[in-house]
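Subject: Handover of a structure, with notes

Dear colleague,

I am passing on to you the structure shown here, together with an account of what was found in it. Please keep it open while you read.

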Amino acid sequence: MGEKYKTLVIEQKNPNSRVFYLYLNNPKQRNALTRDFFSEFPKALHALDHNPDVSVIILTAVGDHFCSGIELSALNSTATDAPSGESLRRNILAMQDSITALERCRKPVIASIQGACIGGAIDIITACDIRYCSKDAFFSVKEVDLALAADLGSLQRLPSIVGFGNAMELALTARRFSGLEAKELGLVSRAFDSKDELHEGVLNIAQAIAAKSPLAVVGTKTVLLKSRDLTVDQGLDYVATMNSARLFSSDLTEAVAAHTQKRKPVYSKL
């Protein structure tokens, strides 16, 4: 993939697969988020988004834990290095933008979560498109215990995923909850029995998505994200406009031909 990163690893495990892995790579600190991470993460996502061989991205982590949140020294330096309140605000906005890069990425991003998923990690996974975990994973919206309001996206995205009341309770108590409870809340789509089953299951799901029309997959993600901020009528108008431009694509012709000929479709790369 070209560029090397201090805090991340990009891997294509099967050269014939359109599924790529993006690993958080700071295992000695339980994949805590450093200042380098916030500069590298959007660059890595941009590279994957613009690689025509990539259809689906699995976001996971090296080691036993997904992510223990923002590294405390990075949190402290973000505040102390800022000469003014306005400078600190710009730093926070830049960190927010790094996480929002997950939504800007046209390709679907699937979070595969094992072990700890704490604080800033919740910001990350709520910006992902689909989330899965192992049953031994554990979660916490931790910021209130550090005398902060979560400011990188959890408070904005979590309510639409788990419901306003559940999000309020989790954010105010900062309590730890299990992978099974995360499934009950709707934070994850499934909690697998083990890490091995998690990795195998997520790969199978990613491969199934990658086999579909990239244009349709990208369009579906775009419409769903856009529709969050629109009325139903506005959302319908948006998808009608988008599809009116895409219904003449070669992917649609190929899908119909493959169905008629009872074979697997072969779609164009984006």
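The notes below go through the sheets, a loop and a helix residue, the aromatic side chains and the cysteines. Please bear in mind throughout that the model is predicted.

The sheets

Two sheets are described here. One is an open sheet of six strands, in the order 1-2-3-4-6-9 and with mixed pairing. At its edges stand strand 1 (8-11) and strand 9 (190-192); each has a single partner strand, so one side of each is left without a neighbour in the sheet. From one strand to the next, the twist averages 20 degrees.

Within this sheet, strand 4 (residues 109-113) pairs with strand 6 (residues 130-134) in the parallel sense, over four bridges. Two positions may help you to find the register: I110 stands opposite I130 in strand 6, and A111 has R131 of strand 6 as its bridge partner. Strand 6 is also joined to strand 9 by three bridges, and these two strands run parallel. Here S134 has F192, in strand 9, as its bridge partner.

Is strand 6 largely enclosed or left open by the rest of the structure? Four of its five residues are buried, so strand 6 is largely enclosed by the rest of the structure.

The other sheet is open as well and is formed by three strands in the order 5-7-8, with mixed pairing. Strand 5 (116-118) and strand 8 (177-178) are its edge strands, each pairing on one side only. Strand 5 runs parallel to strand 7 (residues 138-140), and three bridges join them. One pair of bridge partners is C117 and F139, the latter in strand 7.

A loop residue and a helix residue

N14 is placed in the loop between strand 1 and strand 2 (19-24). Its relative accessible area is 36%, and N14 is therefore partly exposed, a class that lies between 20% and 50%. A polar atom of the N14 side chain lies 2.8 Å from the backbone nitrogen of N16. As for the distance from N14 to A149, these residues are 135 apart in sequence, and 41 Å separates them in space, C-alpha to C-alpha.

E103 belongs to helix 3 (residues 85-104). With a relative accessibility of 14%, E103 counts as buried, because the cut-off for that class is under 20%. The E103 side chain makes a polar contact with the side chain of R157, at 2.8 Å.

Aromatic side chains

The structure holds five aromatic pairs. In one of them, the rings of F37 and F38 have centres 5.2 Å apart and planes at 80 degrees, so the pair is edge-to-face. Both partners count as buried: F37 has a relative accessibility of 2%, and F38 has one of 8%. F37 and F38 also form one aromatic cluster together with F41.

Two charged residues lie over aromatic faces. K13 lies over the face of Y21, at 4.3 Å from the ring centre. R176 is placed over the face of F138, where its distance from the ring centre is 3.7 Å.

Cysteines

How many disulfides does the structure contain? The count comes to zero. C67 is in no disulfide, and the nearest cysteine sulfur, that of C117, is 7.0 Å away. This C117 is the residue whose bridge partner in strand 7 is F139. C67 counts as buried, at 0% relative accessibility.

Why is C105 not bonded to C128? The sulfur of C105 is 9.9 Å from that of C128, its closest cysteine sulfur, which is too far for a bond, because a disulfide requires the two sulfur atoms to be within 2.5 Å. C105 counts as buried too, with a relative accessibility of 2%.

When you open the model, strand 6 may be a convenient place to begin, with strand 4 paired to it over four bridges and strand 9 joined to it by three.

With kind regards

Methods. Residues are numbered from 1 along each chain as its sequence is written. This is a predicted model: local features need pLDDT of at least 70, side-chain atom pairs count only at pLDDT 80 or more; totals for chains, interfaces and linings use all residues. Side-chain values use heavy atoms; hydrogens and water are left out. Two strands pair if DSSP finds at least two bridges between them. Axes are lines fitted to C-alpha atoms, for helices over the stretch in contact, and angles run from 0 to 180 degrees between N-to-C directions. Buried means under 20% relative accessible area, exposed over 50%, partly exposed in between (1.4 Å probe, protein chains only). A polar contact is a pair of N or O atoms within 3.5 Å; within protein, one must be able to donate a hydrogen and the other to accept it, and residues adjacent in sequence count only if both atoms are side-chain atoms. Rings of Phe, Tyr and Trp (its six-membered ring) pair if their centres lie within 6.5 Å; planes under 30 degrees apart count as stacked, over 60 as edge-to-face and the rest as tilted. A charge sits over a ring if NZ of Lys or CZ of Arg is within 6 Å of the ring centre and within 35 degrees of the ring normal.
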